[in-house]
Amino acid sequence: MNIGFALCGSFCTYGKVFPVMERLAESHQLIPIFSQSSASTDSRFGKASDFLARARAICGREPIVTIADAEPIGPKKLLDVLVVAPCTGNTLAKLSHSIADTPVTMAVKSHLRNARPVVIAVSTNDGLAGAAENIGRLMARKNCYFVPYGQDDPEKKPTSLVAHFELIPAAVEAAMEGRQLQPVLL
């Protein structure tokens, strides 16, 4: 399959996300896509240039880092499925309201025009607060599927949700069959 793999700015999850990208790249063609934040922000979790280089090495191609480069994904039918991992609360909000102002949101919008699946792996500190509405809207939207998720630290961060990233391959398989991997809440 041709799989788009879009990364947003939840840098603390990259240590779990990149191994999944490596696993998928063993048997599929991957096109890496970075949000503006993920392509340009150095954080305590690493340098943006290192993350871009790692995606380039895994996927064997340059990551998409501009809206203009993401737009042809739909018209050219470049992908069978698009994974957004990690998907931040900011990106969830934009997707649920059809805002396409980043490379990732444009990739999703462009890809969905072909009624092909998008697999969302949430990572947001307000998943059980402000982002809950957006998660619900996307769960009800056709061709949007979620990687099963749960609270990552109920004591210290009671509203935080994070996907079980190791389930991305199974979620992709299910989405390609037109079904949501269950259970969604773990």
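1. Lys94 is a buried residue, its relative accessible area being 16%. In this predicted model, the side chain of Lys94 nonetheless takes part in a salt bridge with Asp101, at 3.0 Å from N to O. Asp101, with 35% relative accessibility, is partly exposed. The pair therefore joins a buried lysine to a partly exposed aspartate. The cut-off that matters here is 20% relative accessible area, under which a residue counts as buried.

2. Lys94 belongs to the buried part of helix H5, together with Gly89, Thr91, Leu92, Leu95 and Ser96. Helix H5 spans residues 89–96 and is mostly covered, with six of its eight residues buried. What packs against these buried residues? The elements are strand S3, helix H6 (103–112), strand S4, helix H7 (132–139) and strand S5. After H5 comes Ser98, which has a positive phi near 55 degrees.

3. Two further salt bridges deserve comment, from a total of five found in the whole structure. Side chains of opposite charge can pair when their charged atoms come close. Arg56 and Glu62 form one such bridge, with 2.8 Å between the closest N and O atoms. Arg56 is partly exposed at 32% relative accessible area, whereas Glu62 is exposed at 53%. Glu177 and Arg179 form another, and here too the closest N and O atoms are 2.8 Å apart. Glu177 is exposed, at 52%, and Arg179 is partly exposed, at 41%.

4. Helix H8 covers residues 168–176, and its buried residues are Ile168, Pro169, Ala171, Val172, Ala174 and Ala175. Which elements cover them? Among them are strand S1 (2–7), helix H1 (14–25), strand S3 (81–87), strand S4 and strand S5 (144–146). Gly178 follows H8 and has a positive phi, near 80 degrees.

5. The largest nonpolar core holds 62 residues. In soluble globular proteins, nonpolar side chains tend to be buried together. The members that touch the most others are Phe5, Phe18, Met21, Ile33, Leu92, Phe165 and Ile168. Two of these names recur above: Leu92 is a buried residue of H5, and Ile168 is a buried residue of H8.

6. Ile33 may be examined individually. With neighbours within four places in sequence set aside, the contacts of Ile33 are Gly4, Phe5, Ala6, Leu7, Ile64, Ile73, Leu82, Pro103, Val104 and Ala107. One of these partners, Phe5, is itself listed with Ile33 among the core residues that touch the most other members.

7. The largest pocket has a volume of about 340 Å³. It is lined by 19 residues, and those closest to its centre are Cys12, Thr13, Ser123, Asp152 and Val162. Which strands each supply at least two residues of the lining? They are S4 (118–124), S6 (149–153) and S7 (157–163). The greatest contribution comes from S7, with five residues.

8. The lining of the largest pocket comprises six nonpolar, nine polar and four charged residues. Strand S4 links this region to points made earlier: S4 contributes to the lining of the pocket, the buried residues of H5 pack against S4, and S4 is included in what covers the buried residues of H8.

How values were computed
Residues are numbered from 1 along each chain as its sequence is written. This is a predicted model: local features need pLDDT of at least 70, side-chain atom pairs count only at pLDDT 80 or more; totals for chains, interfaces and linings use all residues. Side-chain values use heavy atoms; hydrogens and water are left out. On a 1 Å grid over the protein atoms alone, a cavity is a set of points where a 1.4 Å probe fits but cannot get out, and a pocket is an open set with protein on both sides within 12 Å along at least five of seven lines; lining residues have an atom within 4 Å of a point. Grid points are joined across faces, edges and corners, and a volume is the space filled by probe spheres set on the points. Helices (H or I, at least four residues) and strands (E, at least two) are DSSP runs, numbered from the N terminus. Ala, Val, Leu, Ile, Met, Phe, Trp, Tyr, Cys and Pro count as nonpolar, Asp, Glu, Lys and Arg as charged, and the others, Gly among them, as polar. A nonpolar core is a set of buried Ala, Val, Leu, Ile, Met, Phe, Trp, Tyr and Cys residues joined through side-chain atoms within 4.5 Å. Buried means under 20% relative accessible area, exposed over 50%, partly exposed in between (1.4 Å probe, protein chains only). Contact means heavy atoms within 4.5 Å. A salt bridge is a side-chain nitrogen of Lys or Arg within 4 Å of a carboxyl oxygen of Asp or Glu.
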